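Please explain how this chain is arranged, from its domains to its sheets and some local details. A guided reading for a newcomer is wanted.

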Amino acid sequence: MTIKNYINGNFHNPIQENWLDNYNPSNGEVYGQIPNSSNEDVENAYIAAKSAFPSWSQISIEERSRILIKISELLEANLDRFAAAESKDNGKPISLAKAVDIPRAASNFRFFGNAITQFASESHESVGLQAVNYTLRQPIGVVGCISPWNLPLYLFTWKIAPAIAAGNCVVAKPSEVTPMTAYLLGEICNEAGLPKGVLNIVHGLGTTTGQAIIEHEDIKAISFTGGTATGAHIAKVAAPMFKKLSLELGGKNPNIIFADCDYEDMLDTTVRSSFANQGQICLCGSRIFVEASIYEKFKVDFVERIKALKVGHPAEASTNIGALVSKSHLKKVKEFIEIAKTENGTILCGGNEVTIKDFENGYYLEPTVIEVPTNECRVNQEEIFGPVVTIMPFLTEDEVLQMANKVKYGLSATLWTNNLKRTMRMSNQLQTGIVWINTWMLRDLRTPFGGMKASGVGREGGFEALRFFTEAKNVCIKY
Ligand code: NDP
């Protein structure tokens, strides 16, 4: 399977004919080639985007909305094909790709296709001054969207949909590790009637293709989701050019469990929030803090539930935990398990690679629960981004609040309690962009999404995303 760049509505080989191997995580085999795009490929994508702008921004809102919704419908109609491709490329269980990833990519287009029709600008009568102010929300022009491998199409479209809904033209790069569904999206965009050049997708390495996008002087905004170190690098490169930046970065999210919670509901959700997508979700609750009075019971029940999860081939319907995304990522996650042992962590379950018959070279790891002695240990402070969670007890609300906040990240937190006053106190004080109470990953696309501290800058979602992808211009008329 040869993937090509999608530029100006057509599929192109990379100009220098450099290619990269694409691996199937379920068996460790190369199953395709992707372009290792150069600066010239990115420049061609930019030229296509520039020539499609501003005419795209001058098409009526209704027509733009209609095309986005058509893309959404075509994704839904191709659910099985896209889910199979996502699962094969990423290693995630096909059931997850079918139930979550692809439907959400379709929702992203539908949501922003509708949201743009409601995105009204403000006006202010300056009483006594005989003047009126109104604010124009103008598209930026050509923008860059760069996304990671964990939720490939889901996060790719979470950027592209608002960018084009707001009238911009896009140069986008999916992760080199998971390029497949972004490639298939090009076909869908053509079928939906998206004008040539509005969306351009270049494949390749972050350090070359991605770097060419962030360094491009005329790509005026970058929406990036990925690791914190990459985000910091992008911020440095972009700052002298005064690019607009949205950075959605790493997380080390606390899952705080009080004894007064609905226990069974908490247990079910905590299994999911720990290990969904092999723990490779920025929002996973990777640090579990449990009130001391129920700690021993929770430990037994949780470990029992985790041991029952089936690690298996992603294409099997009964698989709970698929393959990790790459060999290098598997190695990194295993190193953290070793680090935990040196820090006096106790492995309560998991910790080992899993060999699946006929797929012996796949990247499988048991879901792993580590009891840690302190919040300060590395496995409680650094993002592992795999099927590994830590657990430790706490005695008081103040103590757990301090531990939850004592980390460099600030993406999300989950709180399990039926105490209203505690809910209000803690959600005010948790240093995270998102707080879930008695639930996890319940998303309403109208809400602001993003992190504090090393988890990022800016917010996506709803009108926040449309504001990011537009420049506000105030016009003041004296009459
Ligand atoms: P990376 O930061 O390694 O990569 C993200 C994207 O950036 C990839 O497309 C990558 O390309 C590209 N990239 C890498 N270097 C550069 C560069 N110098 N210039 C431009 N682009 C570059 O992250 P991962 O793909 O490993 O994703 C995992 C991370 O993403 C985790 O930290 C996770 O927490 C975070 N994440 C955050 C979310 C949020 O909403 N806050 C949601 C999901 C994930 P390539 O793949 O070729 O290296």
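A salt bridge is a side-chain nitrogen of Lys or Arg within 4 Å of a carboxyl oxygen of Asp or Glu. The model is a predicted one, in which local features need pLDDT of at least 70 and side-chain atom pairs count only at pLDDT 80 or more, while totals for chains, interfaces and linings use all residues. Residues are numbered from 1 along each chain as its sequence is written, and side-chain values use heavy atoms, with hydrogens and water left out.

Confidence is expressed as pLDDT, the predictor's confidence in each residue, from 0 to 100. The chain has a mean pLDDT of 98, and 100% of its residues reach 70 or more. Helices (H or I, at least four residues) and strands (E, at least two) are DSSP runs, numbered from the N terminus. Among these elements, β5 has the lowest confidence in the chain, with a mean of 95, whereas strand β9 (residues 199-201) has the highest, at 99.

The chain is assigned two domains, with bounds that come from an automatic or database domain assignment. Domain 1 covers 5-249 + 455-478, and domain 2 covers 254-444. Their centres, taken over C-alpha atoms, are separated by 30 Å. Where the domains meet, 25 residues of domain 1 are in contact with 30 residues of domain 2; contact means heavy atoms within 4.5 Å. The buried area, which is the accessible area (1.4 Å probe) that two parts lose on being put together, summed over both, is about 2,100 Å² between domain 1 and domain 2, and carbon and sulfur atoms give 57% of it. On the side of domain 1, S26, W149 and S455 lose the most area to domain 2, together 25% of what that side buries. Across this interface the rule finds zero salt bridges.

The structure as a whole nevertheless holds 22 salt bridges. Side chains of opposite charge can pair when their charged atoms come close. One of the salt bridges links E63 with R66, whose closest N and O atoms are 3.0 Å apart. Because E63 and R66 are three residues apart in helix α3 (residues 61-77), about one helical turn separates them.

The sheets come next. Strands of a sheet pair through backbone hydrogen bonds, either parallel or antiparallel. Here, two strands pair if DSSP finds at least two bridges between them. One open sheet has seven strands in the order β14-β15-β16-β13-β12-β18-β19, with mixed pairing. Its edge strands, β14 (346-349) and β19 (434-437), each pair on one side only. The twist averages 25° from one strand to the next, with axes being lines fitted to C-alpha atoms, for helices over the stretch in contact, and angles running from 0 to 180 degrees between N-to-C directions. At one edge, β14 runs antiparallel to strand β15 (residues 368-371), joined by three bridges; there C349 stands opposite V369 in β15.

Another open sheet has three strands in the order β5-β6-β22, and its pairing is antiparallel. The edge strands β5 (123-126) and β22 (470-478) each pair on one side only, and the twist averages 20° from one strand to the next. Nine bridges pair strand β6 (residues 131-139) with β22 in the antiparallel sense. Y134 has V475 in β22 as its bridge partner.

Two backbone details complete the tour. F53 and P54 are joined by a cis peptide bond with omega about 10°, and P54 lies in the loop between α1 (39-52) and α2 (55-58). N8, a residue other than glycine, has a positive phi near 55°; the loop between β1 (5-7) and β2 (10-12) holds N8.
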